[in-house]
Amino acid sequence: AQPSAYFARWTSHPSCAADFDCSGTLNTQDIFAFLAAWFGGSSAADANVVNGLEVQAVLEFLNIWFPGC
C-alpha cells in the first residue's frame, strides 16, 4: 500500500519541492495531493509559509510546480 500524501510529505525530503506526494515523479497527482492537504487544513500545504493556509499558498505551489524540477 502506498502511504498517504500527508505521511509522505512529513517523512520524506523530496529533492524537488513540487513533488508533493514524494513519488519521485512530477505529475498532476502532486497538485491533487497538495489541494487535498490544503483543503484538509494541513500545514504541509502552506507553500509560502506566510499567514497559514491562504489562497496565496496554492498559487505559490503552482509557481513551484509549473517550471518542474
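## Starting from a glycine

Glycine 41 is partly exposed, with a relative accessible area of 47% (buried means under 20%, exposed over 50%, partly exposed in between, with a 1.4 Å probe and protein chains only). You're looking at a predicted model, where local features need pLDDT of at least 70, side-chain atom pairs count only at pLDDT 80 or more, and totals for chains, interfaces and linings use all residues. Residues are numbered from 1 along each chain as its sequence is written, and side-chain values use heavy atoms, leaving out hydrogens and water.

### Exercise 1: the layout

Work out the secondary structure of the protein and the pattern it follows along the sequence.

Step 1. Count the elements: there are three helices and zero strands. Helices (H or I, at least four residues) and strands (E, at least two) are DSSP runs, numbered from the N terminus.

Step 2. Read along the sequence and you get α-α-α.

Step 3. Add the overall numbers. Of the 69 residues in the protein, 32% are buried. Take the contacts (heavy atoms within 4.5 Å) between residues at least 6 apart in sequence, and 41% of them join residues at least 24 apart.

### Exercise 2: the two sides of α2

Find the buried residues of α2 and say where they sit around the axis.

Step 1. Check the helix itself. α2 has twelve residues and spans 17 Å from first C-alpha to last, close to the 16 Å expected at 1.5 Å a residue; the expected span is 1.5 Å times one less than the number of residues.

Step 2. List the buried residues of α2: Asp30, Ile31, Ala33, Phe34, Ala37 and Trp38. They cover an arc of only 165° around the axis, so they're on the same side of α2. That arc is taken from the directions from the helix axis to the C-beta atoms.

Step 3. Flip to the other side of α2, where Phe32 and Phe39 are exposed.

Step 4. Look at the ends. At the start of α2, a side-chain oxygen of asparagine 27 comes within 3.0 Å of the backbone nitrogen of glutamine 29. Just after α2, our opening glycine 41 has a positive phi of about 80°.

### Exercise 3: the core

Identify the elements that give two or more residues to the largest nonpolar core.

Step 1. Get the core. The largest one has 14 residues, and Phe20, Phe34, Trp38, Ala45, Phe61 and Trp65 have the most contacts inside it. A nonpolar core here is a set of buried Ala, Val, Leu, Ile, Met, Phe, Trp, Tyr and Cys residues joined through side-chain atoms within 4.5 Å.

Step 2. Sort by element: α2 (28–39) and α3 (55–65) each give two or more residues. α2 gives the most, with five.

Step 3. Zoom in on one member. Skip the neighbours within four places in sequence, and phenylalanine 61 touches Ala17, Ala18, Phe20, Asp30, Ile31, Phe34 and Ala47.

Step 4. Put it in context: in soluble globular proteins, nonpolar side chains tend to be buried together.

### Exercise 4: the cysteines

Which cysteines form a disulfide, and why is cysteine 22 too far for a bond?

Step 1. Search the whole structure: one disulfide turns up. The cut-off is a pair of cysteine sulfur atoms within 2.5 Å.

Step 2. Name the partners. Cysteine 16 and cysteine 69 are the pair, with sulfur atoms 1.4 Å apart. Cysteine 16 is in the loop between α1 and α2 and cysteine 69 in the segment after α3, so the pair ties together parts 53 residues apart in sequence.

Step 3. Compare exposure: cysteine 16 counts as buried at 11% relative accessibility, whereas cysteine 69 counts as exposed at 68%.

Step 4. Deal with cysteine 22. Its sulfur is 10.0 Å from the closest cysteine sulfur, in cysteine 16, so that's too far for a bond. Cysteine 22 counts as partly exposed at 23%.

### Exercise 5: odd spots in the loops

Pick out residues that have a positive phi although they are not glycines.

Step 1. In the loop between α1 and α2, cysteine 22 has a positive phi of about 55°.

Step 2. In the loop between α2 and α3, valine 49 has a positive phi of about 50°. Valine 49 is exposed, at 66%.

Step 3. Return to glycine 41, which is found in the loop between α2 and α3. Glycine 41 and glycine 52 are eleven residues apart in sequence and 9.2 Å apart in space, C-alpha to C-alpha.

How values were computed
A polar contact is a pair of N or O atoms within 3.5 Å; within protein, one must be able to donate a hydrogen and the other to accept it, and residues adjacent in sequence count only if both atoms are side-chain atoms.
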